[in-house]
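Me: I've got a protein and RNA model open here and I'd like to know what backs up the labels people put on it. Can you take me through it?

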Amino acid sequence: MTNKLIVILGPTASGKTDLSIKLAKKFDGEVVSADSRQVYKRMDIGTGKITKKEMEGMPHHLLDVTSPKRKFTVTQYKKLALKAINEIQKKSKIPFLVGGTGFYIQAVIDGIIIPSIKPDWKLRKKLEKKSIQELFKMLKKLDPRRAKSIESKNKRRLIRALEIVIKTKKPVPLLKKNKPQFEVLILGVKKDPEELKERIRKRLLKRLKQGMIAEVKKLRKSGVSWKRLEEFGLEYKYIALYLQNKITKKEMTDRIQKESEHFAKRQMTWFKRDKRIYWIKDYKEAIKVIKKAKPSF
RNA sequence: GCCGCGGUAGCUCAGGUAGUUAGAGCACAGCUCUGAAAAAGCUGGGGUGGUCAGUGCAAGUCUGACUCGCGGCA
């Protein structure tokens with residue numbers, strides 16, 4: 001039993017999936033997806049989920065674990081991912097944590113401890129009615145420490161903080177992390193911005209050809225609400241708006257392109273802070289880095 | 001050729017009766033991240049106001065000429 005773990009992260013359309021297959025094969029590994037949208041069943045084309053064929057026999061975990069009608073959260077992800085990683089390691093194989101959802105990756109590799117108060121949608125709805133200023137005032141009174149660090153204009157975060165304070169009758173605990181439980185190597189796939197945009201463009205065309213719009217139609221038919229589809233963002237959001245005749249087809253593709261570019265930038269902003277990441281361009285560089293940084297792998 | 005409308009930030013446009021450092025949305029740049037994270041938010045840089053002249057203490061705002069674009073009539 002080892003505690004080795006290789007993480008492959010990077011912005012959308014950077015080529016993580018391809019790389020992960022090659023590396024998993026080479027190092028006798030299994031893939032654990034770290035993608036907040038690929039956890040949903042029947043969301044395949046729009047999320048760029050790897051196909052059975054593309055897996056080339058390499059086992060994949062944390063794909064299709066829940067219904068798009070249900071809400072899935074980091075905490076659930078963390079639990080399932082840790083379990084999968086553990087099982088892979090038990091077989092003396094190397095788990096490859098692959099994806100672009102920084103928050104999920106952080107939860108797993110740094111073991112951040114998230115307050116164990118589950119979302120109370122009734123309470124949230126009630127708080128939703130209040131103004132941002134009112135909510136901030138409330139938090140300031142109930143938990144001055146959290147009020148100091150929180151973004152005072154972010155309603156969603158304010159409500160979550162209040163949810164914890166109200167239910168536990170205690171301040172939001174300081175962010176804690178578990179002791180590192182993995183010997184981790186983090187690879188970041190980097191592409192220059194122009195190339196990334198081009199990759200997003202090509203990918204979008206390909207997905208449309210593959211029937212991405214029909215996929216969204218099907219989801220709607222199976223009972224996923226428009227609101228929910230819009231919540232998923234990017235392709236799902238703008239295709240849903242198009243199908244409701246709220247935007248034209250051209251607006252739809254333009255928005256998906258732009259929003260994907262923005263998303264990629266946001267992802268990079270998140271990743272940039274983590275100095276443990278080895279930034280690489282391709283498979284060759286990845287191999288070099290692994291040999292040098294973690295010869296034992 | 002005549003009539004009308006318009007020319008303000010990279011784009012689309014706001015800017016009663018002329019009066020402090022000209023605004024918004026989008027775009028662009030940077031950032032945040034404690035059970036929604038493809039989510040939810042924050043900060044910032046940008047404009048010789050089509051050109052020239054005139055009237056005012058003061059002109060994006062009024063007047064004239066010119067110029068470019070759009071629509072209509074001939």
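Me: Which residues come nearest to RNA strand B?

Reply: Bear in mind that this is a predicted model. Ser36, Arg37, Thr47, Gly233 and Leu234 come nearest, out of 49 residues around RNA strand B. To count as near, a residue needs its C-beta atom, placed from the backbone, within 6 Å of the strand.

Me: Which helices supply at least two residues of that surface near RNA strand B?

Reply: Helix 2 (74-90), helix 7 (155-168), helix 11 (234-243) and helix 12 (249-272) each do. Helix 12 gives the largest share, nine residues.

Me: How do the residues of the surface near RNA strand B divide into nonpolar, polar and charged?

Reply: There are 18 charged, 16 polar and 15 nonpolar residues. Gly goes with the polar ones in this count.

Me: On to the sheet. What makes strand 1 and strand 4 a pair?

Reply: Two strands pair if DSSP finds at least two bridges between them. Strand 1 (residues 4-9) and strand 4 (residues 94-99) are joined by four bridges and run parallel, so they meet that cut-off. Within this pair, Ile8 stands opposite Val98 in strand 4.

Me: And what packs on the sheet there?

Reply: Helix 3 (residues 102-109) does, touching strand 1, strand 4 and strand 7 (183-189). Its direction makes about 150° with that of strand 4.

Me: Why is the sheet called open?

Reply: Its six strands go in the order 3-2-4-1-7-8, with parallel pairing. Strand 3 (60-61) and strand 8 (278-280) stand at the edges with a single partner strand each, so one side of each has no neighbour in the sheet. Helix 13 (residues 283-293) lies across strand 7 and strand 8, at about 155° to strand 8.

Me: How do you know how confident the predictor is in chain A?

Reply: On a pLDDT scale from 0 to 100, chain A averages 95, and 100% of the residues score at least 70. For the complex, the predictor gives an ipTM of 0.92 and a pTM of 0.93.

Notes
Residues are numbered from 1 along each chain as its sequence is written. Chains are lettered from A and ligands numbered from 1 in the order in which they are written. This is a predicted model: local features need pLDDT of at least 70, side-chain atom pairs count only at pLDDT 80 or more; totals for chains, interfaces and linings use all residues. Two residues are in contact if their C-beta atoms, placed from the backbone, lie within 7 Å. Axes are lines fitted to C-alpha atoms, for helices over the stretch in contact, and angles run from 0 to 180 degrees between N-to-C directions.
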